[in-house]
Amino acid sequence: MNTGKLNWDVLKKLLHENQGAIRKEVEKGGSVGEDCAVVSLEAGRLILSTDPVTAASENIGQIAYHININDIATTGAKPLGIMVTILAPPSAEITDIETVMREISSEARKHQVMILGGHTEVTDAVNRMVVSVTALGTMSSSEKVTWTSGAKAGDKILVTKTLGLEGSSILVSDFKKQSLEILSEEEYQEARSYGHALSVLPEGSLMGKAASSMHDITEGGVLGALWEVKEASGKGFRVFEELLPVTEVTKKLCAHFSLDPLRLISSGSMLITVEDEKEALMLLEQEGIKATVIGEITEEGASLVSGSIEHQVEAPLRDEIYKMYDE
């Protein structure tokens, strides 16, 4: 099997055939395109999400924390706590595990998130560190849950910050020597700084009531995220390549390593669909959050317009970052 996410057909089949018991408290469980499950409680709702980090060697704790808390943010919920599983290869040192936990704890303190428990193990089942986090958030029963499936035809599509933040930070951390072959020291430090911009909690908190859907742009990049919105909502999308915000540093790195920046893991950027893009842009700008309108939700189809050519977007196979770890 190739590294990365399972293909869409296999994933759909696995989820459909393996749901365990059906519980009335569960408003919605895991499904393709939806990153969180929602459980109704007497005192409100519990929002849950989980994801591992497998495509990075540096800053794993920081990345693992944000990709999961970001999923909670896409629903409009407030993060409460996390559970952490660390699988370390026999070659790892105790200091490696301590570094991961310090990174996670440092980020968690910033958002008043508690580490509730987890599991740590040294195993020859892995050849490099794997960190998996389960995040929990809360929301009152009266508050609106923002679902990925909420996107409607005619909605404008926004992305916050710039694309490829996480992927670029991984590249310069794990492949420093090769990166410095084409980046100046200033550009290198810029890419390193992207690792400190991976949270989308601010935009999630701000846009929860105004957005029809929100989705963290992770594996598969912006095109993967758009595809997940398409699958969850049953609608389509049409976006314009010239509008997609990618920094020159990210473009340089992707060109050097022969990676597609539009399919590169992009935690730190949120995809938001809204009916009123002017109001959304104003709200985000007031909080100092850069946002760009890149296209709109359509009744059907999946297209990327490049100049005068309209390309049909296919289902993502795996994130571009995994190419860097292929033997």
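**A surface patch, a covered helix and a few charged pairs**

Met83, Met114 and Leu116 come together as a nonpolar patch on the surface, and their accessible area adds up to about 290 Å². The model is a predicted one, and that is worth keeping in mind for everything below. Methionine 114, one of the patch residues, belongs to strand β5, which covers residues 114-122. This methionine is exposed, with a relative accessible area of 54%.

Helix α4 tells another story. The helix takes in residues 165-174 and is mostly covered, with 10 of its 10 residues buried. Among them are Leu165, Ile170, Leu171 and Val172, along with Gly167, Ser168 and Ser169. What do these buried residues pack against? The partners are four helices: α2 (60-73), α5 (176-179), α6 (185-193) and α9 (248-257).

Glu166 and Asp174 are also on the list of buried residues in α4. Aspartate 174 deserves a look of its own. This residue is buried yet has no salt bridge. How far away is the nearest side chain of opposite charge? That side chain belongs to arginine 128, and the gap is 6.6 Å. A salt bridge needs the side-chain nitrogen within 4 Å of a carboxyl oxygen, so a pair at 6.6 Å does not count.

Aspartate 174 does have polar company, though. Its side chain makes a polar contact with the side chain of tyrosine 325, at 2.5 Å. On top of that, a polar atom of the aspartate 174 side chain sits 3.1 Å from the backbone nitrogen of glutamate 58. Once neighbours within four places in sequence are set aside, the residues in contact with aspartate 174 are Ala56, Ser57, Glu58 and Tyr325.

Now for the charged pairs. Side chains of opposite charge can pair when their charged atoms come close. Across the whole structure, a search turns up 12 salt bridges. One of the pairs is arginine 45 with glutamate 27, whose side chains meet at 2.6 Å, N to O. These two link distant parts of the chain: arginine 45 is in strand β3 (residues 44-53) and glutamate 27 in strand β1 (residues 26-28), 18 residues apart. Is each partner buried or exposed? Arginine 45 counts as buried because its relative accessibility is 14%, while glutamate 27 is partly exposed at 38%.

Another salt bridge joins the side chains of glutamate 107 and lysine 110, at 3.1 Å, N to O. Both residues lie in helix α3 (residues 94-110), three residues apart, or about one turn of the helix. An α-helix has 3.6 residues a turn, so residues three or four places apart point the same way. The partners differ in cover: glutamate 107 is buried, at 8% relative accessibility, whereas lysine 110 is exposed, at 54%.

Glutamate 203 and lysine 161 form a salt bridge too, with their closest N and O atoms 3.1 Å apart. This pair also ties together distant parts of the chain, 42 residues apart: glutamate 203 comes from helix α7 (residues 201-207), and lysine 161 from the loop between β7 (156-160) and α4. Glutamate 203 counts as buried because its relative accessibility is 1%.

Finally, there is asparagine 7, in the segment before α1 (8-17). Asparagine 7 is partly exposed, with a relative accessible area of 36%. Asparagine 7 and proline 316 are 309 residues apart in sequence, yet their C-alpha atoms are 7.8 Å apart in space.

Definitions and conventions:
Residues are numbered from 1 along each chain as its sequence is written. This is a predicted model: local features need pLDDT of at least 70, side-chain atom pairs count only at pLDDT 80 or more; totals for chains, interfaces and linings use all residues. Side-chain values use heavy atoms; hydrogens and water are left out. Buried means under 20% relative accessible area, exposed over 50%, partly exposed in between (1.4 Å probe, protein chains only). Lys and Arg count as positive and Asp and Glu as negative; His and the chain ends are not counted. A polar contact is a pair of N or O atoms within 3.5 Å; within protein, one must be able to donate a hydrogen and the other to accept it, and residues adjacent in sequence count only if both atoms are side-chain atoms. Contact means heavy atoms within 4.5 Å. Patches are made of residues with over 30% relative accessible area and no salt bridge: like charges are joined within 9 Å, nonpolar side chains (Val, Leu, Ile, Met, Phe, Trp, Tyr) within 5 Å. Accessible areas come from the Shrake-Rupley method with a 1.4 Å probe; for residues, only the protein chains shown count as cover.
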